[in-house]
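Got the viewer open? Let's take a walk through the inside of this one, a few selections at a time.

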Amino acid sequence: MGINILYRFICLIGGYLFGLIETGMIYGRLKGVDIRQHGSGNLGMTNALRVLGPKAGLVVFIGDLLKAFIPCLIVNMIFRYTHPDTYMIYVMYTGLGAVLGHNFPFYMNFKGGKGISSSAGAILGLLNPWIALILLCVFLIAVVTTQYVSVGSIALMVSYFICFTAFALNELLCFRRSIPESNAAMIEGIILSGILTVLAIIRHSANIGRLIRHEESKLSFHKTKTD
């Protein structure tokens, strides 16, 4: 049991270190812009898109997604065959670490992004195409119908918790309820998916307030002036 706890800790810390790669900051600096000083001040895809345009938004999205997906993929490959009934729990700790690293980078006074792109990378790291497809549809429908990225982001994360829970309980993931250790890992996984979802909602608390006041900015592909 002790070694399994150690694995969890290593995965969490390893994910956090990957998450510290702030794509928005790096790309902005290459363009001579600190995106923290413009727009919403956020380091994520949406602010990069608004401040520097569609190309920047795409680059930041891909970078933030990959910094969670790559370590999750590595962990998936390592534990899939050695721990076939519990390996997803290690992937989830890695993904959570990457999101925490993105949201709370220690070298930026713990002020990072909101973690949706990184959360998407962590979810993709589970290597379950059905969950990925469902969440993609939810996100696109929410954004297209409302024109608010924040609504799509929140809908995606809530749907993730629901999908993960439903898939896990119906043994459509790696977990087996008849095996005590695997069943315990399943419950732990549901809790972790809930933590990731609640974290995303908390990080969007300002957006939720603006939505209630009808002050939230709608999606636009035109960059704002940075001077």
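Start by selecting F175. Skipping neighbours within four places in sequence, F175 is in contact with D85, T86, M88, I89, F164, A168, S182, A185 and M186. Keep in mind as you click around that this is a predicted model.

Now widen the selection to the core around that residue. F175 is among the residues with the most contacts inside the largest nonpolar core, alongside M157, Y160, F164 and L173. That core has 38 residues. To see where they come from, colour the helices: α4 (54-79), α5 (87-103), α6 (116-124), α7 (129-146), α8 (149-169) and α9 (180-203) each supply at least two of them. Which helix gives the largest share? It's α5, with nine residues.

Next, hide that set and look for a second one. Another core, of 11 residues, lies apart from the big one, and I35, L43, A48 and A56 are among its members.

Time for the rings. The structure holds six aromatic pairs. Select F79 and Y90 to see one of them: the rings are stacked, 4.4 Å centre to centre with 25 degrees between the planes. This pair links distant parts of the chain, with F79 in helix α4 and Y90 in helix α5, 11 residues apart. Are these two buried or exposed? F79 has 8% relative accessibility, so it counts as buried; Y90 has 1%, so Y90 counts as buried as well. Add Y7 to the selection, and you have a cluster of Y7, F79 and Y90 linked by ring pairs.

For another ring pair, go to Y160 and F164. Their centres are 6.1 Å apart and their planes sit at 55 degrees, so this pair is tilted. Because they are four residues apart in helix α8, Y160 and F164 are separated by about one helical turn. Both Y160 and F164 are buried.

Last stop: T197, which you'll find in helix α9. With 5% relative accessibility, T197 counts as buried, because the cut-off for that is under 20%. What does T197 touch beyond its neighbours within four places in sequence? The contacts are M157, V158, Y160 and F161. Zoom in on M157 here: the C-alpha atoms of T197 and M157 are separated by 5.2 Å, although the two residues are 40 apart along the chain. Then show the side chain of T197, which reaches the backbone oxygen of M157 at 3.0 Å. That brings you back to the main core, where M157 is one of the residues with the most contacts.

How values were computed. Residues are numbered from 1 along each chain as its sequence is written. This is a predicted model: local features need pLDDT of at least 70, side-chain atom pairs count only at pLDDT 80 or more; totals for chains, interfaces and linings use all residues. Side-chain values use heavy atoms; hydrogens and water are left out. A nonpolar core is a set of buried Ala, Val, Leu, Ile, Met, Phe, Trp, Tyr and Cys residues joined through side-chain atoms within 4.5 Å. Buried means under 20% relative accessible area, exposed over 50%, partly exposed in between (1.4 Å probe, protein chains only). Helices (H or I, at least four residues) and strands (E, at least two) are DSSP runs, numbered from the N terminus. Contact means heavy atoms within 4.5 Å. Rings of Phe, Tyr and Trp (its six-membered ring) pair if their centres lie within 6.5 Å; planes under 30 degrees apart count as stacked, over 60 as edge-to-face and the rest as tilted. A polar contact is a pair of N or O atoms within 3.5 Å; within protein, one must be able to donate a hydrogen and the other to accept it, and residues adjacent in sequence count only if both atoms are side-chain atoms.
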